[in-house]
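Let's take a friendly walk through the empty spaces, the strands and the cysteines of a protein model. Keep the 3D view open as you read.

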Amino acid sequence: MDIIEILAQELQVRPAQVQAAVQLIDEGNTIPFIARYRKEVTGSLNDEVLRNLHERLMYLRNLEEKKAQVLSTIEEQGKLTPELKAQIEKAQTLVAVEDLYRPYRPKRRTRATIAKEKGLGPLADFIRLQMAKGPLEDTAADYVSEEKGVATVKEALEGAGDILAEMISDDAKYRTWIRKITMSEGRLVSKARDEKASSVYGMYYDFEEPVNKIAGHRVLAINRGEKEKFLNVRVDAPKDKILTWLKRQVITRENPWTSPALEMAVEDSYDRLIAPAIEREVRNALSEKAEDGAIRVFGKNLTQLLMQPPISGRTVLGWDPAFRTGCKLAVVDPTGKVLDTVVIYPTEPQKKIKESKEILKKLIKKYGITLISVGNGTASRESEMVIVDLLKELDTRVEYVIVNEAGASVYSASKLATEEFPNFDVGQRSAASIARRLQDPLAELVKIDPKAIGVGQYQHDMNQKKLSEALTGVVEDCVNKVGVDLNTASASLLEYISGISKTIAQNIVAYREENGRFENRSQLLKVAKLGPKAFEQCAGFMRISGGSEPLDATSVHPESYDAARKLLVRMGYTSKDIGSTGLSGLGKKITDYKKTAQELEIGEITLRDIVKELEKPGRDPREEMPKPVLRTDVLEMKDLKEGMVLKGTVRNVIDFGAFVDIGVHQDGLVHISQLTKKKFVKHPLEVVSVGDVVDVKVLSVDVAKKRIALTMIL
């Protein structure tokens with residue numbers, strides 16, 4: 001198997017690009033580093049393609065290892081034929097290898113092995129080869145043996161049938177065909193265990209859909225319903241078609257004495273051995289495909305959430321709403337430092353609205369608060385009403401934003417939060433987090449397990465290891481895309497930087513606390529356990545503003561500093577000009593990029609990246625994302641009328657639509673059919689992303705069920 005060629009075809013890139021990427025990965029380079037600083041080598045493969053390449057590379061290498069193991073095992077048994085070896089070597093999946101290995105795999109004691117121990121193998125061969133020229137019972141009588149435990153002719157024939165059934169079941173060709181026909185023509189069926197039991201799975205109480213057409217979110221919902229014991233689920237295969245085909249394969253000629261026995265063996269083999277195994281495989285394949293799809297959606301949503309633009313330069317009041325225990329407030333300055341915390345009780349049961357407003361007015365005046373960040377959890381709606389009322393009484397402009405607080409409680413109770421705010425209780429920590437996630441979503445959200453951020457669906461029902469690995473990769477890509485300030489970044493943020501482990505991240509912070517701020521990137525080499533390889537991987541993603549080396553404030557990698565300096569001199573600048581608007585026209589001064597790159601002894605792609613960075617050093621890619629909608633007034637569900645057009649923010653994208661925050665406590669659903677006038681949308685992500693600011697029209701409002709139906713087709 002030529003892994004490079006296979007990957008090139010699957011990813012639709014050149015084999016040379018794949019070969020280069022594989023070599024870089026094998027040398028220990030990280031995906032963000034390869035994507036950003038080895039474009040010349042890989043032909044500009046981006047991080048998404050590189051992650052897909054890495055995942056498939058691991059699978060194909062595991063496949064090759066499995067093949068080698070299987071070939072070795074069969075050879076040791078003395079049963080490896082040239083034909084079988086060729087089949088195994090050509091296999092494209094682990095399932096295909098397992099099918100071919102099945103007859104040679106060491107088995108636990110089965111009905112067939114017991115029958116063989118009783119000496120019934122020759123009788124099974126006699127039937128299989130259709131050698132009988134008279135009643136089978138006559139031949140079977142020769143195998144009746146009290147000593148071997150075969151008491152009757154019937155037992156002898158049943159034992160032979162068991163051997164034949166297992167032999168049919170072990171045939172890779174049969175299993176491959178049956179699996180394929182079940183996938184293409186089978187139906188997934190779910191029924192209620194108790195039709196009287198009310199549950200969210202009502203639509204699946206009498207449900208069926210073709211296996212090859214069922215949507216991933218339905219598969220995951222059915223799996224959960226089955227797990228929670230509301231549903232019985234099965235795969236209905238085209239049994240008659242399968243048995244007809246299977247009998248034609250096994251019964252090669254009509255023999256009145258053996259054909260009925262072979263038919264029984266075929267039916268027994270399918271019903272008892274093949275069908276249950278194929279059903280498990282089909283269910284697993286459906287679940288895996290659905291999980292992969294859900295993980296992709298979760299990853300895309302998480303990317304959009306992490307890459308939301310920061311609201312900088314404003315003092316923010318973080319508001320963690322609650323009823324009985326009061327609303328926790330935290331005042332956070334533009335740098336993220338907590339200036340003050342307080343608890344107010346404007347909601348039930350105390351309902352001290354007047355007193356709460358007075359406290360809020362004093363805080364706003366004292367600290368110059370211009371923005372309030374309100375968590376969207378319990379009592380959010382009631383808190384919002386108080387805030388809007390308060391804003392009308394102020395003589396300065398203050399705005400508010402409802403922030404998705406998913407994961408805030410997880411963070412506030414974590415060891416990390418305890419270390420960061422040792423003198424705060426969980427409510428105060430949560431309020432601080434709610435404020436900071438508005439100021440810099442990426443820096444704050446990296447402190448939370450990605451699974452707890454809540455922008456996916458059915459995340460608790462899927463392979464947790466696979467989900468964690470995928471989401472960690474998403475966070476890593478986002479952090480490296482933005483870069484970090486080496487002198488202010490937390491250990492939580494630093495550990496996602498290319499080449500930086502959790503331990504090294506903590507060592508960087510410890511070095512900073514002990515020796516003061518970093519003046520240049522090369523000082524990183526003095527950090528414990530951060531060697532030359534780690535420095536190569538991480539340096540370009542670390543930023544130092546106001547340091548001894550102006551290029552350290554850019555994403556230009558230290559390995560390209562000489563080339564960058566030569567370029568500046570050639571164009572009439574010096575390193576001191578970096579950061580000034582005077583470099584904005586640098587690219588236009590280069591008349592021949594190819595020639596200039598050759599003279600600087602770098603690649604043309606690298607040159608263009610250097611120019612782009614020098615023209616706008618330290619640019620934040622998040623600036624291009626839609627800004628949060630800041631509000632000064634509030635709507636209630638009862639205020640919503642059919643046909644009303646509103647501006648909202650996409651909070652979550654799922655397989656069947658998108659949830660949009662329109663300023664009421666309940667997000668509205670835009671069904672996939674209402675996203676666009678286009679005739680067919682394969683997935684909502686083709687149209688919207690988390691964080692998008694969209695115009696929507698109200699289709700219907702169900703106050704009792706707290707459901708709002710929206711449309712983006714205006």
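What follows is a short tour of a predicted model, going from its open pocket to its enclosed spaces and on to its strands and cysteines.

## The largest pocket

If you are looking for open space, start with the largest pocket, which holds about 2200 Å³. Its lining is made up of 47 residues, and those closest to the centre are Arg51, Asn52, Glu55, Asp292 and Lys466. By class, the lining residues of this pocket split into 19 charged, 14 polar and 14 nonpolar.

Which elements give two or more residues to this lining? They are helix H1 (3–11), helix H5 (47–76), helix H12 (172–185), helix H15 (259–306) and helix H22 (464–482). The largest share comes from H15, with 12 residues.

## Two enclosed cavities

A general idea helps here: rolling a probe the size of a water molecule over the atoms shows where empty space is left. In this model there are 2 cavities of 30 Å³ or more.

The largest cavity has a volume of about 240 Å³. It is lined by 17 residues, with Gln308, Val403, Asn404, Leu438 and Arg651 nearest its centre. At least two lining residues come from each of strand S8 (399–403), helix H20 (426–439), helix H21 (441–445) and S11; S8 provides the largest share, 3 residues. The lining of this largest cavity consists of 10 nonpolar, 3 polar and 4 charged residues.

The second largest cavity encloses about 30 Å³. Around it you will find Leu305, Gln308, Asn404, Thr649, Val650, Arg651, Val690 and Gly691. Here S11 gives the most to the lining, with 3 residues, and the classes come to 3 nonpolar, 4 polar and 1 charged.

## A five-stranded barrel

S11 also takes part in a barrel, which 5 strands close in the order S11-S12-S13-S15-S14 with mixed pairing. From one strand to the next, the twist averages 50°.

Follow the barrel from strand S11 (residues 645–654), which pairs with strand S12 (residues 657–661) in the antiparallel sense over 5 bridges. The two form a hairpin with 2 residues between them. Across this pairing, Val653 stands opposite Ala658 in S12, and Val650 stands opposite Val660. That Val650 is also among the residues lining the second largest cavity.

S12 pairs again, with strand S13 (residues 668–671), antiparallel and over 4 bridges. On that side, Gly657 has His671 in S13 as its bridge partner. The hairpin of S12 and S13 has 6 residues between the strands, and there Gly663 takes a positive phi near 100°. Why is S12 described as largely enclosed by the rest of the structure? Because 4 of its 5 residues are buried.

## Cysteines without disulfides

How many disulfides does a search of the whole structure find? The count is 0. Cys538 is one cysteine in no disulfide, and its nearest cysteine sulfur, that of Cys478, is 19 Å away. Cys538 counts as buried because its relative accessibility is 0%, under the 20% cut-off. Cys327 is buried as well, with a relative accessible area of 0%.

## A loop proline

Finally, have a look at Pro135, in the loop between helix H9 (121–128) and helix H10 (136–140). Is Pro135 buried or partly exposed? At 33% relative accessibility, Pro135 counts as partly exposed. For a sense of distance, Pro135 and Ala489 are separated by 354 residues in sequence and by 85 Å in space, C-alpha to C-alpha.

Terms used. Residues numbered from 1 in each chain as written. Predicted model: local features only at pLDDT ≥ 70, side-chain atom pairs only at ≥ 80, totals over all residues. Heavy atoms only, no water. 1 Å grid on protein atoms, 1.4 Å probe; cavity = no way out; pocket = protein on both sides within 12 Å on 5 of 7 lines; lining within 4 Å. Points joined across faces, edges and corners; volume = space filled by probe spheres on them. Nonpolar A, V, L, I, M, F, W, Y, C, P; charged D, E, K, R; others polar. Buried < 20%, exposed > 50% of the residue type's maximum accessible area, 1.4 Å probe, protein only. Pairing = 2+ DSSP bridges. Axes fitted to C-alpha atoms, helices over the stretch in contact; angles between N-to-C directions. Disulfide = S-S within 2.5 Å.
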